[in-house]
Every structure is written in C-alpha cells, then in structure tokens.
Amino acid sequence: MLKYALHRGLQQHSRWLPAEICRRSYSSKIRNIGILAHIDAGKTTTTERMLFYAGKTRSLGEVHRGNTVTDYLTQERERGITICSSAVTFPWNGHRINLLDTPGHIDFTMEVEQSLYAVDGVVVVLDGTAGVEAQTVTVWTQADKHKLPRLIFVNKMDRPDADFEKCVGDLREKLEAQPLCLQYPTKHEDGTLAINDVITLEQLQWQQKDLGRSYSRVQLEPSDDLRDLQEKRNELIDQLSGLDDELAEVVISTESFDKVDNNLIQRALRRATNQQKVVPVLLGSAYKNVGIQRLMDAVNDYLPAPEERNQVYDCFGTEVAGKVFKIVHDKQRGPLTLVRILRGEIKKGMRLISARGQAEVVSKLYEPLADEYREVAAVQSGDVVICAGLKSTVTGDLLTSSQSTLKNAQKRLKQSLGKTAESSADEDDELDGSEEMFALDPQIPDAVYFCSIEPPSVSSQTAMEQALRQLQREDPSLRVSYDSVTGQTVLGGMGELHMDIIKSRILSEYKIDVDLGPLQIAYKETIESPAITTLSVEKEIAGTKQNVTITLELVNDQTELFSLDKSPENMPNLNTLRPRILQVLRKGSVGALERGPRVGGQVVETQIRLHNATIGRGTADSFVMATAAQCVQKLLTSSGTRLLEPIMALQIVAPSERISGIIADLSRRRAQINDVLPKGDRSKMILVNAPLAELSGYSSALRTISSGTASMTMQPCGFSAMNSADESLAERRAQGLE
C-alpha cells in the first residue's frame with residue numbers, strides 16, 4: 001500500500017501536478033526492494049532515515065511519536081507497529097529506489113507475501129541484540145520461495161548488549177546462509193558507534209550534530225585494528241574468489257590479495273549476491289542515524305536492476321505483463337491497484353485483460369513520490385505504478401493487453417521449457433514458476449480464528465458488507481463467509497490482533513460500529529475409522545420423479561479428496577456414469593466436508609470413495625449433488641469424528657529469575673516445553689508448543705507474570721488430536737456454554 005502517498009496526496013490536500021504529464025523510459029538505475037524483519041527490529045525507522053537522507057522528508061519521523069511516513073493508519077500510530085505494507089520512492093546517487101516497508105507480525109504475513117511479487121531484492125533487518133528471531137526465519141523462507149537476492153542490515157549496534165558476531169553466527173546456523181561481513185563495529189571512548197569498512201580499510205564516523213546527514217572517512221593508522229581489518233579483507237577476497245571466476249583469475253595472476261582493486265571486489269560481490277551464493281552483511285543504528293547511507297549505497301551496488309530478474313516473463317516479448325500485488329481503496333477515487341510492470345508499457349486509457357478474462361480500462365496512472373502523487377502518461381517495464389479505474393482486478397492477477405497475448409505467452413513458455421533438459425532440477429523450478437506465474441489465486445494460509453460480525457442495525461447491513469468486500473480485496477488473508485445454519489456473517493483471520501485491527505478499521509474508515517462475537521478457534525475434524533453406507537432418496541418435484549441411490553465410503557487418506565472404487569464388482573457400474581455426473585457427485589460430497597458434525601470445523605485427512613451410484617432418468621443435477629452431500633453427512637454423524645486443534649509455536653524471552661513462573665503457567669495450559677536456551681547473560685529463551693485454545697489473552701498474562709520484562713512471538717505450527725475431555729470442553733465453548 002502506498003500509504004504515505006495516499007495519506008498525504010489523496011486524503012488531505014491532493015497536490016496533483018497539472019497537465020505536464022511525465023513519460024518515463026526503462027532504466028537500469030531502478031531498484032525495487034523490500035524491507036523484511038522480525039517485530040521491532042527497526043524496519044520503519046530505517047525507512048524513515050532513508051527518506052530523510054534522500055531529501056524526501058524535512059524531519060525525522062519516529063515510531064514512538066506516531067509521525068512516521070509509512071505508518072499513517074490510526075491503528076499503526078496508536079500501536080507503534082506496521083500493519084499494511086507501504087511503498088515509497090526516493091532518489092539516491094543517480095538511482096531511483098522503490099522501497100516497500102512490510103509488517104513484522106505473523107498476523108500480517110500475507111502482506112509480506114504480496115509485496116515480494118513486486119521486488120527484485122530485499123534488505124533483511126536484524127536486531128543486533130537478538131539476532132535471528134522467529135519471524136526472521138519466516139520472511140527468509142518467503143524470500144527463498146521467490147529466489148530474491150538479500151542484504152543483511154544488523155540494526156541497534158549502538159546498544160551495549162548488541163552482539164555482531166552472534167548475529168552472523170545465527171545467519172549461518174539458523175538460516176543456512178553464507179554471510180560476508182562488509183563492515184565491523186567499533187566504539188569510541190564516549191560510546192558512539194563507528195564502522196570499519198572491510199573493503200576500503202576506512203573508519204566511517206557519523207556526525208550527530210546534523211542528524212547523521214554527513215559522515216567522515218578516516219584512513220586507519222597502522223595498528224592492531226588495521227591488521228585485523230586487512231586479515232578480514234583477505235578472508236573476504238578468499239571467499240569471493242571461490243565463487244567468482246573473474247576475481248579468482250586476478251588473485252592467481254597477482255599472487256596477492258593486497259593488489260586486488262576495490263571495484264573488482266564490488267563487481268564480484270554483486271554477481272555472487274545476485275546469484276544468491278552469498279549475503280552481504282552491513283551494520284548500523286537507524287535510531288542513532290548511523291550507517292544508513294552506506295546501506296543505500298549497498299542497495300545500488302549489490303541488488304539487481306529490474307532487467308536482471310524475471311526472465312520467465314520474456315515469453316511476453318514487448319507486450320504488457322504486470323502483476324497486481326496490492327489494492328487500496330480511496331474514498332474519492334475508488335480502488336487503486338498497485339502493479340509491478342514486468343514487461344511492456346502501460347499507458348493511460350489502455351485496455352487491460354486479467355488472466356481471469358475480465359477486461360478493464362486504466363483511467364489514470366500515478367507514480368508514487370512519497371510526498372506527492374504525480375500523474376504519468378505511461379510507465380515502462382521494471383517499475384511500480386498505481387492504476388485507477390480497475391474495478392474487478394484482485395491481488396495476484398496477471399494483467400496483459402489481450403487474451404491472445406496471454407495464450408501466445410503460455411505457448412512460447414512451454415516451447416522454451418520443452419527445449420531445456422528433460423529431467424533437470426532447473427526445469428522443475430521453472431515449471432513451478434510458470435504455474436505460479438499464470439495462477440489466478442494467491443496462496444492464502446488457513447485462518448486460525450473465526451468470529452461472527454453483526455452490524456449495529458439492519459440499515460447498516462449493506463454498508464458493512466461493502467466495507468468487508470473492500471477490506472477483503474485489500475487483505476486476501478481475511479476470510480468472509482455466510483453461515484446458513486446460524487444466519488450470521490463469519491470472519492476468519494490470522495490472529496487476535498488481525499481481527500481487532502479489522503474491527504477498528506471498519507469503525508475508523510467506514511464509521512460502522514460493528515459487533516464482533518467471541519473469537520472461536522478454527523478446529524478441524526477427522527474421521528475415527530473408515531465407514532461405508534448406502535443412501536436412497538426418492539421424491540417427486542414439480543411432477544418429475546427424482547431418484548438417486550448412492551454408496552459412499554470414508555477412509556483415512558490425504559492423497560486426494562475424492563476417488564472411485566476400482567474393485568471388479570463396482571467398476572462396471574461406475575463406467576456407465578457420465579463425466580458430468582461424476583463432477584456433480586464430487587462437488588456435492590466434497591462440499592459436505594467443509595462442515596463437520598461436532599463444531600462445524602473442516603473435515604481433513606479424509607477421502608471420499610464412490611462405490612456405486614444409480615441415478616433415475618430425468619433426475620436434476622442439484623438433487624444428485626444434495627444426495628451426495630447428505631450421504632457424506634450421514635457417514636460423518638454415524639461414524640463419529642475426532643477434533644484437531646491448532647497448535648502454536650511460541651518463543652518467550654525473559655530474565656532468568658522469571659523463567660520458573662512462566663514455565664509453571666505454561667504447564668497449566670497443556671503446553672509442551674521443547675527447549676530453554678540462554679539468551680545473553682541475564683535472559684533465557686523458552687521454545688514451546690501450546691494449543692491455541694489455551695493462549696487467549698496470553699500476552700497480557702505473560703506481562704503480569706514477568707512484571708512486563710518478558711517478550712513473546714507465536715506462529716501456527718500445525719494441528720494435533722485432542723483427548724475426549726478437551727473435546728467436550730471445546731464443544732461446549734463452540735456452543736457458547738463455557
């Protein structure tokens with residue numbers, strides 16, 4: 001979400017540049033990057049400094065003051081966290097950087113996933129006092145999935161308990177990365193942080209009088225520090241020469257590390273980074289205004305330009321190909337669609353086709369410029385643009401100029417893949433990429449919480465439904481469904497914080513004071529043992545006799561949802577069924593698994609096996625579908641199901657003297673303690689798995705137990721079977737009796 005631009009440019013005073021509509025051409029000087037990190041590692045503060053030093057803002061925003069550029073939502077400023085991904089554009093040393101600041105909470109991991117479609121490289125921010133944390137691992141895995149080159153920025157290195165070597169060790173052990181340290185920290189006698197540059201053998205010192213705008217380069221005098229730095233430079237060259245042929249040839253020909261040119265090292269480092277063989281590591285302190293300019297230099301020097309990535313989209317040639325990665329709703333201008341242009345050129349007034357086949361017209365194009373919103377006539381490949389006027393496009397859509405363009409691109413892609421090695425692993429990766437490229441729906445994680453939502457009055461029902469539709473377009477991880485049994489609208493979300501934010505946004509942005517019911521755990525159900533039954537249904541509807549007899553079996557199997565019984569006695573009957581009837585039977589029976597008999601949870605780890613079906617002449621498809629669903633429900637009710645409850649993986653960091661009280665409380669919550677590890681000199685970290693049902697309001701309870709000294713993160717880690725006593729309690733809670 002280009003939040004700052006929306007907030008300043010659209011919602012307040014709409015500073016539009018008049019008719020001098022700009023036209024941009026493709027440039028290798030563009031860098032599209034994302035900032036990823038664990039909660040409170042300093043992503044937003046780092047972004048603020050980048051904007052300030054690039055000249056985009058005149059004062060430094062601070063998260064704790066609620067005046068940052070990228071966190072403009074009321075909920076973000078009240079809580080001091082990032083909720084929606086936000087993009088800003090700024091110039092730096094002849095390059096233009098499009099930067100996406102992303103959330104760190106697991107509840108908003110879908111925001112990070114969407115943003116990664118639009119970037120060519122990422123900066124991963126580490127807390128220098130904590131190293132690699134739970135959400136760091138999650139976002140690293142997401143970046144691996146998108147094959148994105150990475151830089152590491154170790155933040156908060158000014159603090160006394162910061163440990164740079166531990167952070168580098170965590171990168172190797174927890175993320176299995178190959179870090180290359182380009183800088184090392186050093187502190188002056190007054191405690192101020194300075195940086196020793198490994199490549200240039202200089203010490204960088206920032207001036208705090210001008211808020212870190214300027215810094216000096218000091219050549220180190222011959223000393224132990226200089227000798228250590230020279231050894232580290234030699235180690236860097238040694239590691240790089242094993243990965244880069246050009247650098248290796250120079251090292252061999254000169255027979256010395258000292259004579260290797262700095263520019264040659266940087267070129268080799270860029271190639272190795274873009275091939276994801278190494279991860280350059282830089283350091284600083286965003287809050288104390290140290291090291292940010294060098295980080296921006298590293299983005300320009302080491303992360304790829306747009307033309308160096310996304311070669312799979314070459315199948316579009318010069319035709320338009322754009323990926324929708326975010327949708328924002330503005331009160332005056334409706335939905336604004338954020339598109340990363342991968343190939344071709346998008347022009348104002350252009351007609352675009354989505355992969356779903358829907359045609360739309362781009363009424364206006366806007367360029368994100370942080371403190372203003374500028375209209376442009378055309379935007380070429382490699383850039384990010386906002387399109388106004390796209391009403392039915394959704395997140396994840398691929399936009400092209402015509403349906404024939406899309407089909408031709410698919411043909412060319414298949415032909416190019418067919419010419420590659422038949423069984424190579426690279427081909428498998430490319431095939432996976434091609435399938436994802438033309439996929440219609442983003443992969444959305446399962447909801448862990450459900451709750452009902454009610455408008456304050458019947459007159460507000462339509463407005464509430466409209467608000468939910470808009471929020472769902474912005475946030476695909478929000479699930480909205482209608483429960484026909486209770487007659488309620490049901491929301492599904494990623495956590496307590498997620499649901500609370502949705503309610504708060506509906507009140508603040510749409511002025512509807514909705515009522516959320518109590519949060520319900522998203523239990524799942526599975527059958528206890530295989531079961532088989534035959535159901536015959538015969539009715540006369542509108543003078544036509546409807547007759548269906550069906551035999552179905554439920555078995556414990558995860559390979560596929562619906563299968564045919566291949567036994568000799570049943571195959572002759574099944575072979576007479578038309579494919580359309582089989583599709584109807586499949587749709588009806590699989591749909592019945594969406595609601596189990598005990599708490600209405602989805603039935604999983606279960607396969608429906610069709611043994612026999614006899615359908616009378618003139619029987620409607622809807623009657624066949626309903627009979628199949630009724631047969632499955634009968635099986636589930638008669639054979640019985642077991643409940644599966646969601647399990648959360650927790651990381652709790654607390655002072656050593658508070659650990660015993662926290663563990664005692666966890667044992668009362670049916671938790672499984674996996675490990676207790678030292679965390680610095682005075683703290684310990686508890687790794688624990690616990691049922692989500694026992695963790696309602698746990699963050700408040702943890703603050704009480706630890707007197708506010710403990711911190712916690714948690715994320716889903718699967719489902720687990722329950723014992724009969726816990727199942728009964730879960731049923732009573734679901735029915736509102738507890």
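Are Lys-545 and Glu-538 buried or exposed? Both residues are exposed, and their side chains meet in a salt bridge with an N to O distance of 3.1 Å. Please keep in mind while you look around that this is a predicted model.

**Salt bridges**

That pair belongs to a longer list, since a search of the whole structure finds 31 salt bridges. Three of them are set out here.

| Pair | N to O distance |
|---|---|
| Asp-170 and Lys-166 | 3.0 Å |
| Arg-271 and Glu-246 | 3.1 Å |
| Lys-545 and Glu-538 | 3.1 Å |

Take the bridge between Asp-170 and Lys-166. These two residues sit in helix α6, and because they are 4 residues apart there, about one helical turn separates them. As a rule, an α-helix has 3.6 residues a turn, so residues three or four places apart point the same way. The two partners have unlike surroundings: Asp-170 is buried, with a relative accessible area of 6%, while Lys-166 counts as partly exposed at 31% relative accessibility.

The side chains of Arg-271 and Glu-246 also meet in a salt bridge. This pair links distant parts of the chain, with Arg-271 in helix α9 and Glu-246 in helix α8 (residues 245-254), 25 residues apart. Arg-271 is partly exposed, with a relative accessible area of 27%, and Glu-246 is partly exposed too, at 34%. Salt bridges that share partners join these two residues with Asp-244 and Arg-267 into one network.

**A negative patch**

Charge also gathers on the surface. Asp-225, Asp-228, Glu-231, Glu-235 and Asp-238 form a negative surface patch. One of them, Glu-235, lies in helix α7, which covers residues 224-241. Its relative accessibility is 48%, so Glu-235 counts as partly exposed.

**Two helices to compare with the picture**

Helix α2 (residues 43-53) is worth finding in the structure. Of its 11 residues, 11 are buried, so the helix is largely enclosed by the rest of the structure. Among the buried residues are charged ones, including Lys-43, Glu-48 and Arg-49, alongside others such as Met-50, Leu-51 and Phe-52. After α2 comes Gly-55, whose phi is positive, near 85°.

Helix α5 (residues 134-145) has 12 residues, which at 1.5 Å a residue should span 16 Å; its end C-alpha atoms are 17 Å apart, so the two values agree. Its buried residues include Val-139, Trp-140 and Gln-142. Just after α5, Lys-147 takes a positive phi of about 55°.

**Positive phi in loops**

Most residues other than glycine have a negative phi. Which residue in the loop between α6 (164-173) and β7 (179-181) is worth a look? Glu-176 is placed there, and its phi is positive, near 50°. With a relative accessible area of 71%, Glu-176 is exposed. Gln-276 also has a positive phi, near 60°. Gln-276 sits in the loop between α9 (262-274) and β12 (279-283) and is partly exposed, with a relative accessible area of 36%.

**A long-range neighbour**

Finally, find Asp-197 in strand β9 (residues 193-197). This residue counts as buried because its relative accessibility is 4%, under the 20% cut-off. How far apart in space are Asp-197 and Arg-294, C-alpha to C-alpha? They are 9.9 Å apart, although 97 residues separate them in sequence.

How values were computed
Residues are numbered from 1 along each chain as its sequence is written. This is a predicted model: local features need pLDDT of at least 70, side-chain atom pairs count only at pLDDT 80 or more; totals for chains, interfaces and linings use all residues. Side-chain values use heavy atoms; hydrogens and water are left out. Patches are made of residues with over 30% relative accessible area and no salt bridge: like charges are joined within 9 Å, nonpolar side chains (Val, Leu, Ile, Met, Phe, Trp, Tyr) within 5 Å. Accessible areas come from the Shrake-Rupley method with a 1.4 Å probe; for residues, only the protein chains shown count as cover. A salt bridge is a side-chain nitrogen of Lys or Arg within 4 Å of a carboxyl oxygen of Asp or Glu. Lys and Arg count as positive and Asp and Glu as negative; His and the chain ends are not counted. The place of a charge is taken as NZ of Lys, CZ of Arg, CG of Asp or CD of Glu. Buried means under 20% relative accessible area, exposed over 50%, partly exposed in between (1.4 Å probe, protein chains only). The expected span of a helix is 1.5 Å times one less than its number of residues.
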